[in-house]
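User: Please take a close look at one part of this model, starting from a single residue and following its surroundings outwards. A formal, connected account with explicit cut-offs would be appreciated.

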Amino acid sequence: MEGSAKVKVPGGKLVAVKVEYNSAIEKIKITGDFFMYPESALGELEKILVGVNVGESEENLAYTVYETLHRSRVTMIGVTPEAIASAIKRAVSK
Amino acid sequence: MRWRVIRLETRNAYSNMAIDNALIEGQKSGASQPTIRFYKWLPSAVSIGNFQGMNDEVDIDRCKELGISYVRRITGGGAVYHDNKGEITYSIIAPEALFPKGIIESYRIICGYVIAGLGSLGITASFAPINDILVNGKKISGNAQTRRGGAILQHGTVLYDTDVRTMFSVLKISSEKISDKMIKSAEERVTRVKDYSDVSQEGLYEALLKGFTSGKDYDFGNYTKEETKRAESLEKEIYSQDAWNFSR
């Protein structure tokens, strides 16, 4: 299955997610006009998200995103782990 | 701290982005001087943020029809139309320590140089976090920053008399982004120096130059051989390649 969703972060930027999934995420692309550095962190995050069960709660997804980015000492501006998690959840719920 | 200023120059999209990339690398290694550069794009081009989807943001067929280039930036942020005749871009590349650690504060300081330049032309502009500069509530300048290895790169655009029709015929503006601003038409969100002043584009450049260099020790200069070589390599291997430009 395929799904996509966009979330506008209040006072921030737009984050969009395209997902291919069955019971777990098989392929995911996160895009948007936000800032994140080091920039390579987003590709790393996408890799980590592959295999994550689509039934995970939005809270758990947000924690996975937070933990991954925090580990790489990533600075995020205009986007939050919660916004990315919300976009993923919406994309797999359609 | 002595700055190097590169006078207004015109290059293609790939070269412009490759130079900014080479200069932040040079800053990291300590080989490059803190630098302020001003540049234009020939042919006109669309640059998209590092994390944007090229086909999501840009009407590629329309670009091809109009001879407009398209390139992915090293920095995040949104898509920008760089009208060869109607816009000036700046870059500032320096050790991170010269600016506040806080992202918004550093945007505020660097955008302040643009605001000072516009102010000297009698245009009252203000910083609108995260990364915009507004005149009468409309965007006149978009800016994007990244940091790596202890260096900061911020580049941004100042609209002079940009062809707004062409801008919005090559940029795909998402309805989510506009709905947040409660404005129906994207065209209503932007404004240009020419809408407020009779200054020539050369005059705008001089004003920006003053805004950026005020209170700084600087010399006009050029790129070193090493910087040029690295930029040429990045242009050829990265910025002119679909593998980079269509990577998202």
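Analyst: Leaving aside residues up to four places away in sequence, B:C111 touches B:F127, B:I133 and B:N143; two residues are in contact if their C-beta atoms, placed from the backbone, lie within 7 Å. The model is predicted, with local features requiring pLDDT of at least 70 and side-chain atom pairs counting only at pLDDT 80 or more, whereas totals for chains, interfaces and linings use all residues. Residues are numbered from 1 along each chain as its sequence is written, while chains are lettered from A and ligands numbered from 1 in the order in which they are written.

B:C111 belongs to helix α4 of chain B, which covers residues 103-119. Helices (H or I, at least four residues) and strands (E, at least two) are DSSP runs numbered from the N terminus. Because 23 other C-beta atoms lie within 10 Å, B:C111 is buried; the class requires 20 or more such atoms, exposed residues have 12 or fewer, and partly exposed ones fall in between, with C-beta atoms placed from the backbone. Another cysteine, B:C63, is 48 residues away from B:C111 in sequence and 29 Å away in space, C-alpha to C-alpha.

The contacts of B:C111 with B:I133 and B:N143 lead to two strands of chain B, β8 (residues 132-135) and β9 (residues 138-148). These strands run antiparallel and are joined by four bridges; strands pair if DSSP finds at least two bridges between them. One bridge links B:V135 to its partner B:K138 in β9(B). Together β8(B) and β9(B) form a hairpin that leaves two residues between them, and B:N136 in its turn has a positive phi of about 50 degrees.

From β9(B) the pairing continues to strand β10 of chain B (residues 151-159), again antiparallel and with eight bridges. Here B:R147 has B:I152 in β10(B) as its bridge partner. The hairpin of β9(B) and β10(B) has two residues between its strands, and B:G149 takes a positive phi near 55 degrees.

As wider context, 17 residues of chain A are in contact with 20 residues of chain B. The chain A side of this contact divides into eight nonpolar, four polar and five charged residues, where Ala, Val, Leu, Ile, Met, Phe, Trp, Tyr, Cys and Pro count as nonpolar, Asp, Glu, Lys and Arg as charged, and the others, Gly among them, as polar.
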